[in-house]
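Q: I have a fold open in my viewer and I'd like to learn how to read it. Can we go through it feature by feature?

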Amino acid sequence: MRITENLLSSRTLSDIQNVLRKYSDLNSQLTSGKKVRYPSDNASVATRISNLDSRLREIERYKTNVETAQNYVNMYDTALQEVSSIYLRIKELAVRGANDTLSEDDRVAITEELNKINTQLVSIANTEISGNYVFGGAKNNQKVVEIDSNGDFKIKVPPQANIRHKISVGGQDIEYGKTVYDAFVTDSGASIFGVVKRLSGAIESGNNTSIQTELGNIEEIQAKTLNNLAEIGATQRVLEMTSNRMEDFKFFSTEFLSNEADADIAQVVMELAMQQNVLQAALKAAGNIIPPTLADFL
């Protein structure tokens, strides 16, 4: 093949363009710290980076969901620990109220304490986090228990809303919620608020038969509360393990993403210096190869 001046000039300029392109790529890696900034740089690596970014965002959502569930579970644990202590106190008052030797003043004192306990139980049942009532089930945007004009305690959450909260983490469903029907209603359907009110009236009137009946309801809901606390403890452990696993996934994914996307700055600096030398040499050679034109003499 015959080498003409035009062919030599064209190839020389093309080679200089290639050097400039490599120089620009390396300079971009140095300033951005990334090996691949656009899919056109390396389609397969860009795809892996995109997948890893999506995976990290997914892990962050899982971590947020787990942290929310942990906040709720800790609240359930605190509330039910308090409720368990209150139920024990109610039982003590019921046993004491069944004593026939009590004076009228003693009975009045017990009923007053039971009435205050009922108010305290209502306050616990209406516990809320960020405007959501934790014992509300599917109806967590409204008060769980209210006291009507007659002084009766009404559970506002319908049975259809007795649905426990759950989260899905990596395909695993974790149920963590408790409702008013779990913590304040016996399996036979008696609410603790009604039990305490009836117990108060029975103690005040000295009706030992009614006291024994309500004492049985208290023992039933006590046992149910202990089971709930055991379930909450198990859920806390599951959420803690899940949170640790998500943290490990995040660490490994971040490390993998760094290996794929981050530029080796030391190597980039070395290659950039080499390309600078190549560019200077190429420009010098081009100056000797490309023949002068009329513009060079103007």
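Q: Let's start with helix H3, residues 104–125: what span should it have, and how far apart are its end C-alpha atoms?
A: Keep in mind that this is a predicted model. The trick for a helix is to count 1.5 Å a residue, so the 22 residues of H3 should span 32 Å, and the end C-alpha atoms are indeed 32 Å apart.

Q: Which residues of H3 are buried?
A: Look for side chains hidden from the probe, with under 20% relative accessible area. In H3 these are Arg107, Ile110, Thr111, Leu114, Ile117, Asn118, Leu121, Val122, Ile124 and Ala125. Seen down the helix axis, the buried residues of H3 fall within an arc of 155°, so they line one face. Over on the other side of H3, you'll find Asp105, Lys116 and Ser123 exposed.

Q: What does H5 meet in H3, and at what angle do the two pack?
A: For a helix pair, check the angle and the distance between axes. H3 and H5 pack at about 175°, with their axes 9 Å apart. Angles over 145 degrees count as roughly antiparallel, and that makes H3 roughly antiparallel to H5. On the H3 side the meeting residues include Leu114, Asn118 and Leu121, and on the H5 side they include Ile192, Val196 and Leu199.

Q: How many residues does H5 have, and which of them are buried?
A: Run the length check again: H5 has 14 residues and reaches 20 Å from its first C-alpha to its last, close to the 20 Å expected at 1.5 Å a residue. Its buried residues are Ile192, Phe193, Gly194, Val195, Val196, Leu199, Ser200, Ala202 and Ile203. After H5 comes glycine 206, with a positive phi near 75°.

Q: Which residues touch the most other members of the largest nonpolar core?
A: To read a core, look for the members that touch many others. This core has 57 residues, and those touching the most other members are Ile90, Leu121, Phe135, Phe184, Ile192 and Phe193. At least two core residues come from each of H2 (43–97), H3, strand S5 (166–169), H4 (180–183), H5 (192–205) and H6 (208–261). H2 gives the most, with 15 residues. Take isoleucine 90: leaving out residues up to four places away in sequence, it touches Leu114, Ile117, Leu121, Ile192, Val196, Leu199 and Ile218.

Q: Is alanine 183 buried or exposed, and what does it touch?
A: Alanine 183 lies in helix H4 and is buried, with a relative accessible area of 0%. Beyond residues up to four places away in sequence, alanine 183 touches Leu80, Val83, Tyr87, Phe135, Ile221, Thr225 and Asn228. Sequence distance can mislead you here: alanine 183 and alanine 125 are 58 residues apart along the chain, yet their C-alpha atoms are separated by 8.3 Å.

Q: What is the sign of phi at serine 130, and where is that residue found?
A: Scan the loops for residues other than glycine with a positive phi. Serine 130 has a phi near 55°, a positive value, and is found in the loop between strand S1 (128–129) and strand S2 (132–133). Serine 130 is exposed, with a relative accessible area of 75%.

Q: How many helices and strands does the protein have, and in what order do the elements run?
A: Zoom out for this one. There are seven helices and six strands, running α-α-α-β-β-β-β-β-β-α-α-α-α from the N terminus on. Of the 298 residues, 37% count as buried.

Key. Residues are numbered from 1 along each chain as its sequence is written. This is a predicted model: local features need pLDDT of at least 70, side-chain atom pairs count only at pLDDT 80 or more; totals for chains, interfaces and linings use all residues. Side-chain values use heavy atoms; hydrogens and water are left out. Helices (H or I, at least four residues) and strands (E, at least two) are DSSP runs, numbered from the N terminus. The expected span of a helix is 1.5 Å times one less than its number of residues. Buried means under 20% relative accessible area, exposed over 50%, partly exposed in between (1.4 Å probe, protein chains only). The arc is that of the directions from the helix axis to the C-beta atoms. A nonpolar core is a set of buried Ala, Val, Leu, Ile, Met, Phe, Trp, Tyr and Cys residues joined through side-chain atoms within 4.5 Å. Contact means heavy atoms within 4.5 Å. Axes are lines fitted to C-alpha atoms, for helices over the stretch in contact, and angles run from 0 to 180 degrees between N-to-C directions. Angles under 35 degrees count as roughly parallel, over 145 as roughly antiparallel, 65 to 115 as roughly perpendicular and the rest as oblique.
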